[in-house]
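Q: Please take a close look at the salt bridges of this model. I would like to know where the partners sit and whether they are buried or exposed, and then how the surroundings compare with other local features.

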Amino acid sequence: MAFAPLAYVPAPEPGNGPWPTNLRRESDGTVTLAGHHLDELAQLGTPLYLVDQDDMIDRARAWTEAMAGGDVYYAGKSFLTPAVARWMVEAGLGIDTASEGELRSALAGGVRGEKIGLHGNSKSDETLRLALTNNIGRIVVDSPGEVDQIARIAADLDVVAPCFVRVTTGVHAGGHEFIATAHEDQKFGLSLATGAARDVVRAIAKNEHLSFLGLHSHIGSQILDPSGFAAAADAVIAFAGELHEDGIAVPEVDLGGGYGIQYTGEDPAPVSEADMIAGIRQALEEACEKAGIPVPRMSIEPGRSISGPAGMTLYRVGATKDVMTDDGVRRYVSVDGGMSDNARPALYGADYTALLNRDSDAELVPTRVVGMHCESGDIVVKDVALPRDVTAGDLLLVAATGAYGRSMASNYNTVRRPGVLAVSDRGTAWLVRPETWEDVLGLFPDL
Ligand SMILES: *Cc1c(COP(=O)(O)O)cnc(C)c1O
């Protein structure tokens, strides 16, 4: 029987698209990561997150090299452990945190507070106290009430809190395009348009327990070229010019994260780190010239573009079935994880791709890889062409799950969250150990 034209999305081979540098298809058809066979790694249990350690560190270095004369903060929310924090600091980056747990993870990795930033639209007193006790390098103020909150805690500790102010520029970006709107209806940042940002900067500048370090802007995610950042830099620098006239200097500007990656073989590649930064820097310099102010030091906060493509998820196939759709037969391949280890398809309709850990002469058929959870939206890979003979026991490797995979994982259906294994040609090491039944069942008080 011929298959009707369902989405027939080829899976890119290692060396292409979203796969990390050290993934190879060997001559016998099996796949290795930095010389380690996937079937051997799978002995540790599946699902299993894998991180190509050298690939991740190289991506971090590419940003610091492109940003010479500025600062790169790794967005820890994409995936942070103490060891990862250490890798990033060794590669010359600081760490951006957005919660007490991320802050504690960076500190546990031996990162000095000066190299850490703290974000969040609702920071607790405990988190701020921990940050200030550890000499945090920057706190990004996100609402008017935080000025008094941070000043009160800084006064109590007899320190001066280093503050950035997050502004909403009206620029929103994602993928190919950005949009600029005057209106803001979202929870982050302080509006330039309404004057809220200006009031907060003034309040910080005149508070003896706070110091004003600069302005922060984060415009979105999956941004593939500099145009959206350039528009944001324009708006931020125009505001910096106004502050300058008020006698308030803006020593630094942080343009946030959101640098895009390839998730499938169909996704366009983002511009290189060097081209991205050159484009942003040019816009920043031109805007400063127009505003007649000195060029501030620039920082950025890439997350997924460092951790995303370096990470993958290894699953074992369970049940398979052919399902008749209006457009023909779609093959459903179920794996032993799903939305508990990768929430992004269910949250955002995110696309991924997968490869099979063996050769096959079988015909490629439109396939949907699904999870084991009790939700029809529990999709792992929406559309990929896989060999018809994919069957129970096979290993599937899903690309680019390193960012917002483990960091958003849940115990839905009372699963054990998988471990994250760092893999290199020097060996393997757990970044996060797999949860045990004792971890999961131990949360239930004895009855
Ligand atoms: C999420 C976030 C980042 C990182 O975004 P990526 O898409 O992972 O690069 C950086 N800065 C801020 C303020 C964020 O909220």
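A: The account below begins with the salt bridges and then turns to surface patches, backbone geometry and one helix.

The model is predicted, and it holds 24 salt bridges. Side chains of opposite charge can pair when their charged atoms come close. One of these pairs is formed by D246 and R202, whose side chains meet with an N to O distance of 3.0 Å. D246 lies in the loop between helix 8 (227-245) and strand 15 (252-254), whereas R202 belongs to helix 7 (residues 196-205), so the bridge ties together parts that are 44 residues apart in sequence. D246 counts as partly exposed because its relative accessibility is 33%. R202 is likewise partly exposed, with a relative accessible area of 36%. Salt bridges that share partners join R198, R202, E242 and D246 into one network.

A second pair is E435 with R417, where the closest N and O atoms are 2.6 Å apart. This pair links distant parts of the chain, 18 residues apart: E435 is in the loop between strand 24 (427-432) and helix 12 (437-441), and R417 is in the loop between strand 22 (395-398) and strand 23 (420-424). E435 has a relative accessibility of 14% and therefore counts as buried, the cut-off being under 20%. R417, at 23%, is partly exposed. A further salt bridge brings together the side chains of D425 and R426, at 3.2 Å from N to O. Both D425 and R426 are exposed.

The loop that holds R417, between strand 22 and strand 23, also contains two residues with notable backbone angles. Most residues other than glycine have a negative phi, and most peptide bonds are trans. Y404, found in this loop, has a positive phi of about 60° although it is not a glycine. Y404 is buried, with a relative accessible area of 10%. T414 is in the loop between strand 22 and strand 23 as well, and its phi is positive at about 55°, again without being a glycine. T414 is partly exposed, at 39% relative accessible area. Elsewhere, the peptide bond from T46 to P47 is cis, with omega near -10°. P47 is placed in the loop between helix 1 (38-41) and strand 4 (48-52).

Two surface patches complete the view of the exterior. E26, D28, D39, E40, D359 and D361 form a negative patch. Of these, D361 is found in the loop between strand 19 (354-356) and strand 20 (364-370), and it counts as exposed because its relative accessibility is 85%. A nonpolar patch consists of W437, L441, L443 and F444, which together have about 460 Å² of accessible area. L443 lies in the segment after helix 12 and is exposed, with a relative accessible area of 66%.

Helix 2 (residues 53-66) may be set beside these loops. It has 14 residues and reaches 20 Å from its first C-alpha to its last, close to the 20 Å expected. Its buried residues are Q53, D55, M56, I57, A60, W63 and T64. An α-helix has 3.6 residues a turn, so residues three or four places apart point the same way.

Note on methods
Residues numbered from 1 in each chain as written. Predicted model: local features only at pLDDT ≥ 70, side-chain atom pairs only at ≥ 80, totals over all residues. Heavy atoms only, no water. Helix = DSSP H or I, 4+ residues; strand = E, 2+ residues; numbered from the N terminus. Expected span 1.5 Å × (residues − 1). Buried < 20%, exposed > 50% of the residue type's maximum accessible area, 1.4 Å probe, protein only. Patch = residues over 30% accessible without salt bridge, like charges linked within 9 Å, V, L, I, M, F, W, Y side chains within 5 Å. Areas by Shrake-Rupley, 256 points an atom, 1.4 Å probe, with all protein chains shown as cover. Salt bridge = Lys/Arg side-chain N within 4 Å of Asp/Glu carboxyl O. Lys, Arg positive; Asp, Glu negative; His and termini not counted. Charge placed at Lys NZ, Arg CZ, Asp CG, Glu CD.
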